[in-house]
Amino acid sequence: MEYLGQIDEASYLSVLNAPVYRKIMRCFYREYEKMNFQLYKEDIFDLLKKDNEFENYTMEQLVLDLNALVKWKNLTPIQDPGRVYTIADYKNKQYQYTMSEYAVEIERLTVRLENIFVESGNLSTNFFLRLEKSLNEAPEMKTATLKEVNEWWRLLQEDFKRLNQNYQDYLRDFYSGKTEQLMKSVEFVVHKDKFIKYLTEFVQEIQRHSHRIERILKTNLSDIEEQILEKVIQSELDIPHALLEIHGNAEARIRENVYGKWTSLKHWFIGSDQHECECKKVLKVTNDVIRSIIQNAALIVQIQNWGISRKDDYKKFLQLFLNCEDMNEAGKLSAHVFGIQKIQHFKTIQPRESDSINSSIYEEEPCEFLLKPHTRNYREKKEKSGFRDKTMEKRLQREMYLSQARRQKEIVMRYIKNNKIIFSEIDEPVTEEIRIVFLQWIAQANMNSQKVGRTEYGQEYRLIRKKENCVLKCQDGNLIMPCYILEFKQS
């Protein structure tokens, strides 16, 4: 690769205003497919207006966006002298716009990217048959014309390319996150047999045809590499290539391209000591997919079986144990039902009736122990009880609160003299509750610029502050504070 610089033509895909630029270029591309190669800005404006998202879009904005696309070389402006009727038209420079070659290829790429998951691959074995048929015709190419050789080579490479692309697209879906999640769902169990059958048939076909193609390649390998590939290169040179002729390196590039494609096809079917052939890798990947499908299906079935109730089975076993005549028969039944048991020894603090070490556990009297689950979420069941009627208690509490509020209001109102409360003139100690009420009123008035407030009793007042300080005597101590005056509005 000789050119590794920045591609300006792709800038419109990632800038801030990308949705608008992409819509404009998509309109150009759709018209390009209809053989309308040159468009006026009025034509583009009409196409954009058909979309509801461009309802408020203006011609001035379109001109700016077209200039940006011209700057990035996505559009090529062509001045139309035939549309110039006045000097003003000449100054406005009526242009026709056409897409550049880079822009056409970029739009084709974006369309393919948008439909990459819609066009799913398949595992058709027809390409193996066509490859086998084309390789069988290889000896005939030694005497064929250059045109026939070129057609044979292009058909061979097209089939090989489609084979590679199809199996990669199909198997790629099985390694995506969504498909992996789907394979672990219960709904996938219904379709698993269909997938397994499809993949198994592909494996059988690829095994059958790959051996044939490998044998054909080894038989004709020397003729193809020594004679036929040279005729392919000569057939490609007979086709005029403008850019390659200008640079003067047409034969070297064509030779590199032809031998590279042939090496890829050869290594797909024939392995070597250094690397394994691609055909065997495809078989391994396909077998892994089949194995994954079977494992996921088995796991899903197992999870479903976990939810089945074993209640009837347990009842049957309990009935069988109850019908046992002695412990010996019960032990045999236990061995048959549960198999070999893992013995665990438990020590308890219950006193024994006998201290003999030779006495069996079956000779001891049974004891009952309360077992609790060792889980975080376990909570002991609480005894259920009804709701007790607390209407009287609520009524008493309400009356107590209202009487306390009335008493507090009577006390506070005693301090209002001549519609004022002058804190410096209060001589008797105030209670803690009264002090809290006074401070709340002061704080409420200080929170606004007018220094006014309203008490909880609906009285409006204004806060006046003098320069000196005063001492408010309280039952729990003295409070040094600014000399405030609360002046109440006359009602």
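I take contact to mean heavy atoms within 4.5 Å. With that settled, I opened the predicted model and started my rounds.

**Entry 1: Glu 31**

I began at helix α1, which spans residues 18-33 and holds Glu 31. Leaving out residues up to four places away in sequence, I found Glu 31 touching Asn 36, Leu 39 and Leu 47. Is Glu 31 buried or exposed? Its relative accessibility is 12%, so I wrote it down as buried.

**Entry 2: the whole protein**

Next I stepped back for the overall figures. I have 16 helices and seven strands in the protein. Of the 491 residues, 29% are buried. The exposed area comes to about 36,200 Å², and carbon and sulfur atoms supply 52% of it. I also looked at the contacts with a separation of 6 or more: 64% of them join residues 24 or more positions apart.

**Entry 3: helix α9**

I then walked along helix α9, residues 188-237, with three stops.

My stop at Lys 197, which lies in this helix, gave a relative accessibility of 54%. That value counts as exposed because the cut-off for exposed is over 50%. I also noted a distance here: Lys 197 and Ile 290 are 93 residues apart in sequence, yet their C-alpha atoms are 9.3 Å apart in space.

Ser 210 is also in α9. I read a relative accessible area of 7% for Ser 210, so this serine is buried. What does Ser 210 touch, not counting residues up to four places away in sequence? I found Phe 269 and Cys 279.

Val 232 was my last stop in α9. This valine has 0% relative accessibility and counts as buried. Setting aside neighbours within four places in sequence, I listed Val 149, Trp 153 and Val 258 as its contacts. I measured nothing by hand, but the computed C-alpha to C-alpha distance from Val 232 to Tyr 259 is 9.9 Å, with their positions 27 residues apart in sequence.**Entry 4: aromatic rings**

Rings came next. For each pair I wanted the distance of the centres and the angle of the planes, which is how a pair of aromatic rings is described. The structure holds nine aromatic pairs.

I looked up Phe 54 and Tyr 57 to begin with. Their ring centres are 5.3 Å apart and their planes stand at 85°, so I logged the pair as edge-to-face. Phe 54 is buried at a relative accessible area of 7%, and Tyr 57 is buried too, at 10%.

Then I turned to Trp 441 and Phe 488, another edge-to-face pair, with 6.1 Å from centre to centre and 80° between the planes. Which parts does this pair tie together? Trp 441 sits in helix α16 (residues 432-446) and Phe 488 in strand β7 (residues 477-488), so the pair ties together parts that are 47 residues apart in sequence. I have Trp 441 as buried, with a relative accessible area of 1%. Phe 488 is buried as well, at 7%.

I followed the ring pairs onward from there. They link Trp 441 and Phe 488 with Tyr 415, Phe 423, Phe 438 and Tyr 461 into a cluster.

**Entry 5: positive phi**

I went looking for positive phi in residues other than glycine and noted two cases. Lys 73 has a phi near 70°, and I found this lysine in the loop between α3 (59-71) and β2 (75-79).

Asn 419 has a positive phi of about 60° and is not a glycine. This asparagine lies in the loop between α15 (391-414) and β4 (420-422). Is Asn 419 buried, partly exposed or exposed? At 31% relative accessibility, I put it down as partly exposed.

**Entry 6: the largest pocket**

I finished with empty space. Rolling a probe the size of a water molecule over the atoms shows where such space is left. The largest pocket has a volume of about 940 Å³. Of the 20 residues that line this pocket, the closest to its centre are Phe 346, Ile 361, Tyr 362, Glu 364 and Glu 365. How do the lining residues divide by type? I counted them off as nine nonpolar, six polar and five charged.

Conventions:
Residues are numbered from 1 along each chain as its sequence is written. This is a predicted model: local features need pLDDT of at least 70, side-chain atom pairs count only at pLDDT 80 or more; totals for chains, interfaces and linings use all residues. Side-chain values use heavy atoms; hydrogens and water are left out. Helices (H or I, at least four residues) and strands (E, at least two) are DSSP runs, numbered from the N terminus. Buried means under 20% relative accessible area, exposed over 50%, partly exposed in between (1.4 Å probe, protein chains only). On a 1 Å grid over the protein atoms alone, a cavity is a set of points where a 1.4 Å probe fits but cannot get out, and a pocket is an open set with protein on both sides within 12 Å along at least five of seven lines; lining residues have an atom within 4 Å of a point. Grid points are joined across faces, edges and corners, and a volume is the space filled by probe spheres set on the points. Ala, Val, Leu, Ile, Met, Phe, Trp, Tyr, Cys and Pro count as nonpolar, Asp, Glu, Lys and Arg as charged, and the others, Gly among them, as polar. Accessible areas come from the Shrake-Rupley method with a 1.4 Å probe; for residues, only the protein chains shown count as cover. Rings of Phe, Tyr and Trp (its six-membered ring) pair if their centres lie within 6.5 Å; planes under 30 degrees apart count as stacked, over 60 as edge-to-face and the rest as tilted.
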